[in-house]
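Work through the exercises below with the sequence and the model at hand. Each task is followed by a solution in steps.

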Amino acid sequence: MARRRTTRRAPARPEPTAELARTLARRTKKELVDVLLELARADRGVLRQLTARFGVAAAPDELVAVTHQAIVDATDFDERDMNRNFEYDYEAYAEVKRNLSRLIEAGQWRQAMDLSLELMKQGSCQVEMSDEGMMTEDIEDCLSVVIGAFKRCDLPVVEILRRCTAMLDSDRVGFISRKPLEALQKRLHTDAAHP
């Protein structure tokens, strides 16, 4: 027996944010800015979204502090979730990558390298504690910014080699960005041997 098509329709539902949009439209610009700042202070996720959306640039010192906090947020996990595929903060990883790029563009090589070493330590711990290490790609994506910059930075080769070794030694799982770091070390040794 064929199914009969109904001719009745459900009543139209209003957009859930329609009333909010009307209310916000009646507010002053200052009120809206104040509310956004209040929300950003209360929630780092909101702060990250607003900073990314509006391309907010920070001074290098502030950028280092914000990036360190993003590393903490990105690599955070609940120890009760060990050996599971737990949730992690994708947006925080995106902020880490964006900020490492900004530090490098500003010539803040050592700060970017220090932060990438911290990311390797904390990120590899997170990978080790997870079931499948799904965040590995996010970590490598962040580190690729710094590894790529190693190739063109003006720091002494000895210091770059020392930083590469420190990153490899800090990797608790033994495979995060290993190939690019070892390839860079090999290239730097070769370049140093044949100036």
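**Exercise 1. Cysteines**

Why is the sulfur of Cys 153 in no bond with the closest cysteine sulfur, and in which residue is that sulfur?

Solution. The model is a predicted one.
Step 1. Recall what is being looked for: a disulfide is a covalent bond between the sulfur atoms of two cysteines.
Step 2. Take the cut-off, which asks for sulfur atoms within 2.5 Å.
Step 3. Find the partner: the closest cysteine sulfur to that of Cys 153 belongs to Cys 164, and because the distance is 9.3 Å, the two are too far apart for a bond.
Step 4. Extend the search to the whole structure, where 0 disulfides are found. Cys 142 also takes part in no disulfide, and its nearest cysteine sulfur, in Cys 125, is 16 Å away.
Step 5. Note the surroundings of these residues. Cys 153 has a relative accessible area of 12% and is therefore buried. Cys 142 is buried as well, at 2% relative accessibility.

**Exercise 2. A pair of helices**

Determine how the axes of H5 and H7 are arranged, and state which residues meet.

Solution.
Step 1. Decide what to look up: two packed helices are described by the angle between their axes and the distance between the axes.
Step 2. Read both values. Helix H5 covers residues 90-105 and helix H7 covers residues 136-150; their axes come within 9 Å and cross at roughly 5°.
Step 3. Classify the angle. Angles under 35 degrees count as roughly parallel, so H5 and H7 are roughly parallel to each other.
Step 4. List the contact. From H5 come Tyr 90, Tyr 93, Val 96, Lys 97, Leu 100, Ser 101 and Ile 104, and they meet Asp 138, Ile 139, Asp 141, Cys 142, Val 145, Val 146 and Ala 149 of H7.
Step 5. Sort the contact residues by type: 10 are nonpolar, 1 is polar and 3 are charged.
Step 6. Look at one of the H7 residues again. Asp 141 counts as partly exposed, at 37% relative accessibility. From its C-alpha to that of Glu 182 the distance is 16 Å, with the two positions 41 residues apart in sequence.

**Exercise 3. Helix H8 and the loop after it**

Compare the span of H8 with the expected value, then find which helices its buried residues pack against.

Solution.
Step 1. Helix H8, residues 157-170, has 14 residues.
Step 2. Its first and last C-alpha atoms are 20 Å apart, which is close to the 20 Å expected at 1.5 Å a residue.
Step 3. Pick out the buried residues of H8: Glu 159, Ile 160, Leu 161, Arg 163, Cys 164, Met 167, Leu 168 and Ser 170.
Step 4. Find their partners, which are helix H6 (109-129), H7 and helix H9 (178-193).
Step 5. Move on to Ser 177, in the loop between H8 and H9. Most residues other than glycine have a negative phi. Ser 177 is not a glycine, yet has a positive phi of about 55°. With 4% relative accessibility, Ser 177 is buried.

**Exercise 4. Two aspartates**

For Asp 73 and Asp 131, decide whether each is buried or partly exposed, and name what each touches beyond its sequence neighbours.

Solution.
Step 1. Use the cut-off: buried means under 20% relative accessible area.
Step 2. Place Asp 73 in helix H4, residues 60-75. A relative accessible area of 12% makes Asp 73 buried.
Step 3. Leaving out residues up to four places away in sequence, Asp 73 touches Arg 44, Arg 48, Asp 89 and Ala 92.
Step 4. Place Asp 131 in the loop between H6 and H7. Asp 131 is partly exposed, at 45% relative accessibility.
Step 5. Beyond its neighbours within four places in sequence, Asp 131 is in contact with Asn 83, Arg 84 and Asn 85. The C-alpha atoms of Asp 131 and Phe 86 are 8.1 Å apart, although 45 residues separate them along the chain.

**Exercise 5. Two residues of H2**

Where are Val 35 and Glu 38, and how far is each from a given C-alpha atom?

Solution.
Step 1. Val 35 is in helix H2, residues 29-42, and Glu 38 is in H2 too.
Step 2. Val 35 is partly exposed, with a relative accessible area of 45%, while Glu 38 is exposed, with 56%.
Step 3. The C-alpha atoms of Val 35 and Ile 160 are separated by 45 Å. Between Glu 38 and Leu 50 the C-alpha distance is 12 Å.

How values were computed
Residues numbered from 1 in each chain as written. Predicted model: local features only at pLDDT ≥ 70, side-chain atom pairs only at ≥ 80, totals over all residues. Heavy atoms only, no water. Axes fitted to C-alpha atoms, helices over the stretch in contact; angles between N-to-C directions. Helix = DSSP H or I, 4+ residues; strand = E, 2+ residues; numbered from the N terminus. Parallel < 35°, antiparallel > 145°, perpendicular 65-115°, else oblique. Contact = heavy atoms within 4.5 Å. Nonpolar A, V, L, I, M, F, W, Y, C, P; charged D, E, K, R; others polar. Expected span 1.5 Å × (residues − 1). Buried < 20%, exposed > 50% of the residue type's maximum accessible area, 1.4 Å probe, protein only.
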